[in-house]
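User: I would like to work through this structure step by step, with the reasoning spelled out for each answer.
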Amino acid sequence: MADTRTALRICPFCEATCGLTLTIDDGVVTAARGDRDDVFSAGFICPKGASFGELDNDPDRLTQPLIRRDGVLTEATWDEAYAVVTERLGAVIGAHGGSSVGVYLGNPNAHTIAGSLYAPLIIRGLGTRQVFSASTLDQMPKHVALGLMFGSAVAFTVPDLDRTDYLVIIGANPLVSNGSLATAADFPGKLRALHKRGGKLVVIDPARTQTAKLADRHLAPRPGTDAALLFAIVHVLFEEDLVDLGRLAEHVTGVEQVRALADEFSPEAVAPACGVGADEIRELARELAAAPTAAVYGRIGTSTVEFGTIGSWLVDVINILTGNLDRPGGAMFALGAAAPAPRPPRPGRGFKTGRWASRVSGYPEALSELPAAALAEEIDTAGEGQIKAMITIAGNPVLSAPDGDRLDRALDSVEFMLSVDPYLNETTRHADVILPPPPPARSAHFDVALNNLAVRNNVRYSSPALPLDGRPDEPEILSRLALILYGIGADGDPALVDAQVIATTLAKETADPCSPVAGRDVDELTAMLYPGPGYERRLDMMLRLGPYGDAFGARPDGLTMERLKASPHGIDLGPLQPRIPEILRTPSGRIELAPEPIVADVARLRDALGRTAGGFLLIGRRHLRSNNSWMHNLPALSGGSNRCTLQIHPDDAADLGLTDIAVIKGPGGELLAPVEVNDGMRRGVVSLPHGWGHDRGGTGQQLAASRPGANVNQLNDGTHLDPLSGTAVLNGIPVDIAPAG
Ligand SMILES: Nc1nc2c(c(=O)[nH]1)N[C@H]1C(S)=C(S)[C@@H](COP(=O)(O)OP(=O)(O)OC[C@H]3O[C@@H](n4cnc5c(=O)[nH]c(N)nc54)[C@H](O)[C@@H]3O)O[C@H]1N2
Ligand SMILES: Nc1nc2c(c(=O)[nH]1)N[C@H]1C(S)=C(S)[C@@H](COP(=O)(O)OP(=O)(O)OC[C@H]3O[C@@H](n4cnc5c(=O)[nH]c(N)nc54)[C@H](O)[C@@H]3O)O[C@H]1N2
Ligand code: SF4
Ligand SMILES: [Mo]
């Protein structure tokens, strides 16, 4: 008789954070289904979540550390691996300082406790400014726009999906991605519910995506022109006297400046560049203003483009000018359970980029990060401040960032490289040491980051579903690396790392007159913390200091780790609530609608309007059964439509005489891809998915290597960035297409 049981586990594979019920037979995850009682996801699941078991049990997952011996990565014990890190990383730091160590943090860090709570300690331990992440391949324009407008780069505006009457989705395909920067389990169901209650959906996307097919209205602009199109909406709002800030009026400055800036972006002026009719833009602006409530929501297609920050800013400018920011049914701010408790409104220091610049190209820092597109040059350009060693945590920049071939060579040249990653892949194959975290069923889960982006406030926690069996979990791995950097050594007690964070945080909180624990005794509070592993103690502290917390006994009904654990399907914390002015931290204490750096960048947009481009523009796409570069190794997710093909309009294919294979040339190189005609593509636009190109030697993902696809980012030379955020231009890249051979 098999020993069969179930365990609950929040899915860590995308931002939807669905609750799963895992079936466990004899200590192995054999199935996953949606947890119908989950307070947030109510049973929703997608093919990736359903493949949880396959991912957990993937035989290509590393179970032991690898260390490079005589040039070859070979299995080693954890003690041996930490010893090599201590010696070799220590040697680089001894010779060149901690600032010579580059760090790249990949996407899964947003989904793990380790990435949220422990990765920052490694950066601090190194004292390095050579910090890179997937954010500058993704959402950094949004951070910069939010920071400049609201004074906090993490004051995310989230569409109130459950209550809105009119939703505009620009540059996102949530039917496939399941949503991003808007944590909503069952996005498809929420769009259907919008229709059911008589609401309207508008999708703005050069491709007729799955999401666009659901829309009442689909505009298909030329790639890279969202900022101009959004500006034209703003123009119409002013011109036709449709601006109505409502409750926000007293909290906003800069409205007249925005009016002046929008003056030259009339629908008629931008229509030729956008390839969308002026009347369509006017109609959209009028409907947005007339809707009882409306929300504009932008994502990758509005972000990873030439004018990413201006576009991301305009999304919220429209939400504000139509009175839809911070009201039910509009774009609102979540209030995460582990975020600090709200403080009384007050002016803040505001947000600045460019406090320092990258060494080689002088790109401004944003949110203490440098552009991922500049990582290779920071490694391969000699001189003072050059990166001499690399640490990657949960990232695969060789496939995710522009010009992977250059990064490939650069990573090969560093004196020492350490990767914390479960796979031997295109990036980690360069490491001298790979430390593999355990599979997800053996890890705890809490959405430190994504709870602040949820379309409905909630809090949920998963304990590990299976024991670690002697392996360290990822918090322990990162804690031991921190101990090495602090000079204590890898055999120190990892609990010291948590104790230090707890002591520092509580000292600050008790000294803050606005904190729920102002004036209390740090030792008394510390003694009250949940008696679990270090990360549970830290989460307990955060929850208790947070907006719903028990304030360490002062609010006896409030949230604690113990109470959260007693609610295995999670705790619903209600619909989003207005947070202005409390959330604002600008120097003026108001929403600064016309921040100087953005105003200064508008001239660049104006100049681009007159540009006439021939040739094709390349955009990206995602597949339901894929996740960036790292899920091409699972049988359940491979095959079918999940293929690295060049999608092109049939008439364009016919004009070019394209039949089976196309050669695609971009500013950074060329590649071959099978042609897939698709009449949903705009004429002159082609699409390729990213995360493919598994044909490099020395990797350990057999299935992925057997159907490698091509690395779209090789078409990109990495020199084109959104200047305000340092984000790589990944959509709207000029390419030439021809039949192969
Ligand atoms: N052309 C083009 N390029 C793009 C994009 C695009 O739209 N077009 N999208 C961009 C975006 S939005 C993103 S977010 C980036 C992603 O860029 P990256 O984050 O660099 O790449 P991923 O493919 O997500 O790689 C994730 C890595 O984390 C590892 N991993 C998985 N789970 C864990 C874990 O629990 N712990 C640890 N330590 N490691 C883990 C995987 O093995 C893999 O190596 O790609 C970007 N690149
Ligand atoms: N199944 C699956 N889910 C995922 C991922 C995955 O790889 N697979 N990745 C996850 C990650 S890391 C992220 S960041 C999110 C991303 O979430 P989304 O942003 O929703 O995902 P994308 O599919 O990249 O959608 C971008 C859309 O922008 C369009 N687009 C391209 N250029 C332009 C343009 O110039 N203007 C406009 N208006 N549209 C344009 C594209 O056609 C595409 O439909 O998805 C996450 N979820
Ligand atoms: S939608 Fe995202 S969180 Fe939900 S099951 Fe799929 S991958 Fe997991
Ligand atoms: Mo992403």
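User: Which residue has an N or O atom in the side chain that is 3.3 Å from a nitrogen atom of ligand 2?

Analyst: This is a predicted model, and the distances discussed here are computed from it. A pair of N or O atoms counts as a polar contact when the two are within 3.5 Å. A nitrogen atom of ligand 2 lies 3.3 Å from such an atom in a side chain, and the residue that carries this side chain is Lys 48.

User: How much of the area that ligand 2 exposes when taken alone does the protein bury?

Analyst: The starting point is ligand 2 taken alone, which exposes 910 Å². Of that area, the share buried by the protein is 97%.

User: Which residues contact ligand 2 through a backbone atom, and at what distance?

Analyst: For one of these contacts, a backbone N or O atom of Gly 301 is found 3.4 Å from an oxygen atom of ligand 2. For another, a polar backbone atom pairs with a nitrogen atom of ligand 2 at 3.3 Å, and this backbone atom belongs to Leu 624.

User: Which element gives the largest share of the shell around ligand 2?

Analyst: The shell around ligand 2 is made of 31 residues, with Asp 205, Gly 224, Arg 622, His 623 and Ser 626 as the closest. The elements that give two or more residues to this shell are helix H14 (300-303) and helix H7 (174-177). The largest share, 3 residues, comes from H7.

User: Why does ligand 2 lie between two domains, and which are they?

Analyst: The argument rests on where the residues of the shell around ligand 2 come from. Because both domains give residues to this shell, ligand 2 lies between domain 2 (139-336 + 579-604) and domain 3 (613-739).

User: Where is the cis peptide bond that has an omega of about 15°?

Analyst: Most peptide bonds are trans. Here, however, a cis bond with omega of about 15° leads into Pro 581, a residue in the loop between strand E19 (571-575) and strand E20 (591-592). The two residues joined by this bond are Ile 580 and Pro 581.

User: Is Phe 552, with a phi near 50°, buried or exposed?

Analyst: Most residues other than glycine have a negative phi. Phe 552, in the loop between helix H22 (534-545) and helix H23 (561-565), has a positive value near 50°. Buried means under 20% relative accessible area. Since the relative accessibility of Phe 552 is 2%, this residue counts as buried.

Notes. Residues numbered from 1 in each chain as written. Chains lettered and ligands numbered in written order. Predicted model: local features only at pLDDT ≥ 70, side-chain atom pairs only at ≥ 80, totals over all residues. Heavy atoms only, no water. Near = heavy atom within 4 Å. Polar contact = N/O pair within 3.5 Å; in protein donor to acceptor, adjacent residues only side chain to side chain. Areas by Shrake-Rupley, 256 points an atom, 1.4 Å probe, with all protein chains shown as cover. Helix = DSSP H or I, 4+ residues; strand = E, 2+ residues; numbered from the N terminus. Domains from an automatic or database assignment. Buried < 20%, exposed > 50% of the residue type's maximum accessible area, 1.4 Å probe, protein only.
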